[in-house]
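Visitor: Please take me through one part of this model closely, with the charged and aromatic side-chain contacts around it. Plain terms will do.

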Amino acid sequence: MTADRRDPLNGEFSDEQLVLGDLLNHVLDKGVVISGQVTISIADIDLVMVDLRLLVSSVQTMLKRQSGVHGDVPLLPPGAPTG
Amino acid sequence: MVTYLYCLLAPPQADAIPEGLLGLGGTPVRRIVAERSGAEALEAWVATVDERMFRVVPPGSQVTTLVLAHNEVIGAALATGRTPIPARFGQRFADDPPCLADIERRSDALSRALAKVAGCVEMGIVLAPSTSRVLRNLEPIPIPARPRPEEPRAGRRYLEGQRSRALTNEARRLAGDTELRRLTAAVTHLVRDESKGIATTGVASVSHLIRRDDAQAYRAALDAVVPASGFRMLITGPRAPYSFSE
């Protein structure tokens, strides 16, 4: 979802980065889905518009799905920006 | 312009939105109410936002800004004393009527979800490798000398290295899971529901639905537990029940 922001001095995420990352994961990946369209961020690729019927996912969900249904759903709609 | 959905609440309260509350792109937050015959109405916090906000491809930092703005509005909803069901980030509708229509269509399920989280908040544990463990992991791996003729060739050594790394990562994941379970045991008596996160980059997490009044007790119980060597623990929350609103 975001670039690797590990502290270059000791190679680990700071507490603030961990809390922020956890919050971003929750907001992007959790919560009720009513309908309509959602906007998501995939890794370092900027916001991509997708239709709910195609795919609603954040990075973690995407990773989870890779082991199960990889390739079953298009990640990006035709013509979507790729970066 | 489109209608952007932040969260749902019940029962409706006419003056619940703090004066001047702004959301995504600095747009004012307002409420709309989905009436239901014979059942409690549902309140939705929404805003009228520029659709281009989502079509423009911003840098990652702007994504973070939008997400934080979304979360702040939901935090304001939680501060009303009611527990909101957060909407997934980015949900928008052509206008208010289609938004209300979709809410009404799913109103039974939404009411059940609201009842489940009523009076509760979400707390969480984030478990990350400690500095010492990270440094240990960063220690250089000795480069083996050129193999003698009877030793495995480069391809095989590469595959063996990959397998070794995979086993190490799995061992770390299992160790994280075990430690997370141990820490969770300290708050089990407060937990009404649990949602486990997916371990990534060595970080494991779990979310707990607890009574709003138990948030301090939750922190105190975890503060009394010392994480195992090689781990550090962060406590998150209280926040709206994102993990229990699907």
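Guide: What follows starts at one helix and moves on to the side-chain pairs.

This is a predicted model, in which local features need pLDDT of at least 70 and side-chain atom pairs count only at pLDDT 80 or more, while totals for chains, interfaces and linings use all residues. Residues are numbered from 1 along each chain as its sequence is written, chains are lettered from A and ligands numbered from 1 in the order in which they are written, and side-chain values use heavy atoms, with hydrogens and water left out.

The model scores ipTM 0.76 and pTM 0.74. Chain B has an average pLDDT of 85, and 85% of the residues score at least 70; pLDDT is the predictor's confidence in each residue, from 0 to 100. Where pLDDT is low, the predicted coordinates should not be read in detail.

The part to look at is helix α1 of chain A, residues 15-29. Helices are DSSP runs of H or I with at least four residues, strands are runs of E with at least two, and both are numbered from the N terminus. Helix α1 of chain A has 15 residues and reaches 21 Å from its first C-alpha to its last, close to the 21 Å expected at 1.5 Å a residue; the expected span is 1.5 Å times one less than the number of residues. After α1(A) comes A:Gly31, with a positive phi near 100°.

Several residues of α1(A) are buried, among them A:Leu18, A:Asp22, A:Leu24 and A:Val27. Buried means under 20% relative accessible area, exposed over 50%, and partly exposed in between, with a 1.4 Å probe and protein chains only. A:Asp22 has a relative accessibility of 7% and counts as buried.

A:Asp22 also forms a salt bridge with B:Arg239, at 2.7 Å from N to O. A salt bridge is a side-chain nitrogen of Lys or Arg within 4 Å of a carboxyl oxygen of Asp or Glu. A:Asp22 lies in helix α1 of chain A and B:Arg239 in strand β9 (residues 231-239) of chain B, so this pair joins two chains. B:Arg239 is buried as well, with a relative accessible area of 10%. A network of salt bridges links A:Asp22, B:Glu122 and B:Arg239.

Over all chains, the count comes to 12 salt bridges. One of them pairs B:Arg30 with B:Asp96, whose closest N and O atoms are 2.8 Å apart. That pair links distant parts of the chain, from strand β2 (residues 30-34) to helix α3 (residues 96-105) of chain B, 66 residues apart. B:Arg30 is partly exposed at 27% relative accessible area, whereas B:Asp96 is buried at 16%.

Aromatic contacts come next. The whole structure holds 2 aromatic pairs over all chains; rings of Phe, Tyr and Trp (its six-membered ring) pair if their centres lie within 6.5 Å, and planes under 30 degrees apart count as stacked, over 60 as edge-to-face and the rest as tilted. The rings of B:Tyr4 and B:Tyr6 have centres 4.9 Å apart and planes at 70°, so they are edge-to-face. B:Tyr4 and B:Phe89 have ring centres 6.5 Å apart and planes at 65°, so this pair is edge-to-face. B:Tyr4 sits in strand β1 (residues 2-9) of chain B and B:Phe89 in the loop between β4 (85-86) and β5 (92-93), 85 residues apart. B:Tyr4 and B:Phe89 are both buried, and ring pairs link B:Tyr4, B:Tyr6 and B:Phe89 into a cluster.
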